[in-house]
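This report looks at pockets, one strand and a set of annotated positions in a protein model. Have the sequence and the structure at hand while reading.

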Amino acid sequence: MNSENISICEKIVSPSYVRQGSQARRSHEQLIRMLLEQGKCPEEGWSESTIELFLNELAVMDSNNFLGNCGVGEREGRVASSLVARRHYRLIHGIGRSGDIAAIQPKAAGSSLLNKLTNSVVLDVLKLSGVRSVASCFVVPMATGMSLTLCFLTLRLKRPKASYIIWPRIDQKSCFKAMITAGFEPVVVENVLEGDELRTDLEAVERKVEELGSENILCVHSTTSCFAPRVPDRLEELAIMCAKYDIPHVVNNAYGVQSSKCMHLIQQGARVGRIDAFVQSLDKNFMVPVGGAIIAGFNESFIQEISRMYPGRASASPSLDVLITLLTLGASGYKKLLAERKEMYTYLAQELNRLAEAHGEKLLHTPHNPISLAMSLDGLQAQCDKAVTQLGSMLFTRQVSGARVVALGNEQIVSGHTFSGFMSHSESYPCPYLNAASAVGITRDDVTLCIKRLDKCLKSLRKESSNSLNKIKTHSLHEAELFHALNLLSEDIYKPLILKI
């Protein structure tokens, strides 16, 4: 309420009570004022009442919520369902304009303000997560794959002769299809095996650069977050190489914001060499619904070019979701989640290692992967080839989601390219394995229950394999006894009869 309305209230209710209520409201408004002034994630999280007050203030600034509005255009923020309107806090106009996703929308001052504040708060969170020198970012209402495509299409304008993208192999379809969708030819560089880890083959990457010619290469497309035994690419070395040959460098940082190691690699890569843009998912890093990503970089003008490449307006839902989440958590709450995730990584590694030893397997040594872990399944495969894939289906039906079982010899065609050993990031990884990840939001109960169910599944499969082996042995024994009896018969006349039996 403004001061005029408060004065009127004092004539209706005791002035001391009204002043107390007014002071309480001012405490909410003080938090909102600090957000508007600083554009940073608040240190402490807000209450739901503060967030709802703020969103309501934004919504009444949009034309579809004006009391006397008379809309005669084709896009006036009309919504048929009141349930849908409430779901979006009556922020209906979306973000941007037809020519620029970051542009101010005249009909929607509140939604435009929401968009600007969200990008500012997210930039602050990227900095506190480890990429201190990031210059600019924006939330885009597409998941990681399509957001990478947007980056590649923007680079096309700068490098019209380029037709290749150099890509250290990672077996994840969307990042591969992102290059195909943008109209480029991925040049797949196989990884090298170092111990149990699959790492970037820097020599092979440089050979490809020299072979194809730097002017024909759109960019190097590297990866941080990935499934073990694949580990983050050697970002610093790749960044130096890109600077040396004047080739752009785009990093797929899908779920790397939650890892200080992944964020450090990006920061260092930008410091010593070249990184043009890095892309990360909203749902994986901030626990919001799927459908949004953050495109960030170290050159503000280039990030603005990417935002202008987005055609048309865009949904405000991903921006709204991540802003609500970050205001709820606050900087301290998000940092606490990151710290808990690290603790759970250590706990998951300990429990997987204990389980692996109990079943004659081993926890693969992948110290460069800060999120994902892998346990060998050699012994399981030795008992029965189908047991490895059967384990995956058993875990899924027992409500263990996210665990990946990787068998040997898988072949997959993705957009015309054949991947041998698909899902293992290698044409010939030495052993089958099971993946598990310690991602943000994971709890100790999740780990404990997963290990318990995995243990039961492994025991069940080994028992099943053992029973099958005993049946085969028993069958073979009966055959041996029959032929032994046959040999004891001295009369040749009986032999044909027994053979018929």
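## Annotated positions

In this predicted model, R271 has a relative accessible area of 57%, so it counts as exposed, the cut-off being over 50%. R271 is part of helix α10, which covers residues 260-272.

UniProt, in an unreviewed entry, gives the feature "binding site" at R271, R398 and K463. These positions are spread over 193 residues of sequence, and in space they are also spread, up to 54.7 Å between C-alpha atoms.

Is R398 buried, partly exposed or exposed? Its relative accessible area is 38%, so R398 is partly exposed, a class that lies between the cut-offs of 20% and 50%. R398 sits in the loop that runs between α15 (387-397) and β11 (404-406). When neighbours within four places in sequence are left aside, R398 is in contact with R453 and C457.

## Strand β10

Strand β10 spans residues 372-376, and 5 of its 5 residues are buried, so the strand is largely enclosed by the rest of the structure. Both of its faces are covered. On one side are S372, A374 and S376, and on the other are L373 and M375.

Which strand pairs with β10? β10 pairs with β14 in the antiparallel sense, over 5 bridges. Within β14, A436 is the bridge partner of L373.

## Pockets

The table sets out the two pockets.

| Pocket | Volume | Lining residues | Classes in the lining |
|---|---|---|---|
| Largest | about 900 Å³ | 39 residues | 19 nonpolar, 15 polar, 5 charged |
| Second largest | about 300 Å³ | 16 residues | 6 nonpolar, 6 polar, 4 charged |

In the largest pocket, the lining residues that lie nearest the centre are F227, S401, G402, A437 and A439. Several elements supply at least two residues each to this lining: α6 (144-158), α7 (173-181), α11 (282-286), β14 (433-437) and α16 (444-488). The largest share, 5 residues, comes from α16. Strand β14, the antiparallel partner of β10, is thus named here too, as one of the elements that supply at least two lining residues.

The second largest pocket has a volume of about 300 Å³. Closest to its centre are A102, K116, N119, S136 and C137. Two or more residues of the lining of the second largest pocket come from each of α5 (109-128), β1 (136-140) and α12 (300-309).

Definitions and conventions:
Residues numbered from 1 in each chain as written. Predicted model: local features only at pLDDT ≥ 70, side-chain atom pairs only at ≥ 80, totals over all residues. Heavy atoms only, no water. 1 Å grid on protein atoms, 1.4 Å probe; cavity = no way out; pocket = protein on both sides within 12 Å on 5 of 7 lines; lining within 4 Å. Points joined across faces, edges and corners; volume = space filled by probe spheres on them. Helix = DSSP H or I, 4+ residues; strand = E, 2+ residues; numbered from the N terminus. Nonpolar A, V, L, I, M, F, W, Y, C, P; charged D, E, K, R; others polar. Buried < 20%, exposed > 50% of the residue type's maximum accessible area, 1.4 Å probe, protein only. Pairing = 2+ DSSP bridges. UniProt positions renumbered as here; feature names shortened; annotations may be inferred. Contact = heavy atoms within 4.5 Å.
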